[in-house]
Amino acid sequence: MTFENAYLAARIDLGLPPRPKVLRSFDELVSRWVGFVAECEKSYQGDLDEYYNFIGLRSILSGFFSNERMIAYTDVVDCIFKVVQADRRLVALLDHEQPVDVARGMIDDGAAWYWHFFPRYCGPALAEEVHVNYQITLEVRGKPSVDSRGHRQRCRPR
């Protein structure tokens, strides 16, 4: 079985559509996570939904890393290394004093630490939504990017 076929089979194992409208390669998913962490280091400027989309991506990566079809390939080891390095950088940014007190039984077996904390600092949109939804106060740094019409641009880490 080729790596690409193993990847598609693992997507099915994880309950993901094997052929979504936009099929991202495994390397692209890893790059998006690493890019998200880099954005957090600068001061993440997205909103809560966008933030949770990236956190969900990390859960998907965890599923791939524990899937027996995927771990048979040496390329996955390099990807795991990149994600672990990004994870270490993200852990250093998180506010461990203010965990999110929400039961996540359907998406988290307790090992998914990334669902339980927010960065200590971020842009105004995330800080406001976290405060409203979780009564957690985060330091606001930076301003969101706006387009020529004054609309906030969606966060798209590379």
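Which residue forms a salt bridge with Asp87? The answer is Arg58, and the views below start from this pair. The model is predicted, with local features requiring pLDDT of at least 70 and side-chain atom pairs counted only at pLDDT 80 or more, while totals for chains, interfaces and linings use all residues. Residues are numbered from 1 along each chain as its sequence is written, and side-chain values use heavy atoms, leaving out hydrogens and water.

**View 1. Arg58 and Asp87 form a salt bridge.**
The closest N and O atoms of this pair are 2.6 Å apart. A salt bridge here is a side-chain nitrogen of Lys or Arg within 4 Å of a carboxyl oxygen of Asp or Glu. The bridge links distant parts of the chain, with Arg58 in helix H3 and Asp87 in helix H4, 29 residues apart. To find these elements, look for H3 at residues 48-65 and H4 at residues 74-93. Helices (H or I, at least four residues) and strands (E, at least two) are DSSP runs, numbered from the N terminus. Are the two partners buried or exposed? Both Arg58 and Asp87 are buried. Arg58 has a relative accessible area of 8%, and Asp87 has 7% relative accessibility. Buried means under 20% relative accessible area, exposed means over 50%, and partly exposed lies in between (1.4 Å probe, protein chains only).

**View 2. Here are the surroundings of Arg58 and Asp87.**
Leaving aside neighbours within four places in sequence, Arg58 is in contact with Trp33, Val83, Asp87 and Tyr114. With residues up to four places away again not counted, Asp87 touches Trp33, Arg58 and Trp113. Contact means heavy atoms within 4.5 Å. Trp33 therefore deserves a second look, as its side chain and that of Asp87 are joined by a polar contact of 3.0 Å. A polar contact is a pair of N or O atoms within 3.5 Å; within protein, one must be able to donate a hydrogen and the other to accept it, and residues adjacent in sequence count only if both atoms are side-chain atoms. The side chains of Arg58 and Asp87 also make a polar contact, at 2.6 Å. Arg32 can be placed too: Arg58 and Arg32 are 26 residues apart in sequence and 9.6 Å apart in space, C-alpha to C-alpha.

**View 3. Arg89 and Glu41 meet in a salt bridge.**
Their side chains come to 2.8 Å, N to O. This pair also links distant parts of the chain: Arg89 is in helix H4 and Glu41 in helix H2 (residues 26-42), 48 residues apart. Arg89 is partly exposed, with a relative accessible area of 31%, and Glu41 is partly exposed at 32%. How many salt bridges are there by this rule? The count comes to five.

**View 4. Arg141 takes part in a salt bridge and lies over an aromatic ring.**
Glu139 is the salt-bridge partner of Arg141, with the closest N and O atoms 2.8 Å apart. Glu139 is partly exposed, with a relative accessible area of 40%, and Arg141 is partly exposed at 36%. Arg141 lies over the face of Tyr121, at 3.8 Å from the ring centre. A charge sits over a ring if NZ of Lys or CZ of Arg is within 6 Å of the ring centre and within 35 degrees of the ring normal.

**View 5. Arg11 is buried yet has no salt bridge.**
Find Arg11 in helix H1 (residues 3-13). The nearest side chain of opposite charge is Glu28, 9.3 Å away. For charge, Lys and Arg count as positive and Asp and Glu as negative; His and the chain ends are not counted. Not counting residues up to four places away in sequence, Arg11 touches Leu16, Pro17, Pro18, Pro20, Leu23 and Phe64.

**View 6. Ser43 and Gln135 have positive phi values.**
Most residues other than glycine have a negative phi. Phi of Ser43 is near 125 degrees, and phi of Gln135 is near 55 degrees. Ser43 is found in the loop between H2 and H3, whereas Gln135 lies in the loop between helix H5 (124-134) and strand S2 (139-140). Ser43 counts as buried, at 4% relative accessibility. Gln135 is exposed, with a relative accessible area of 58%.
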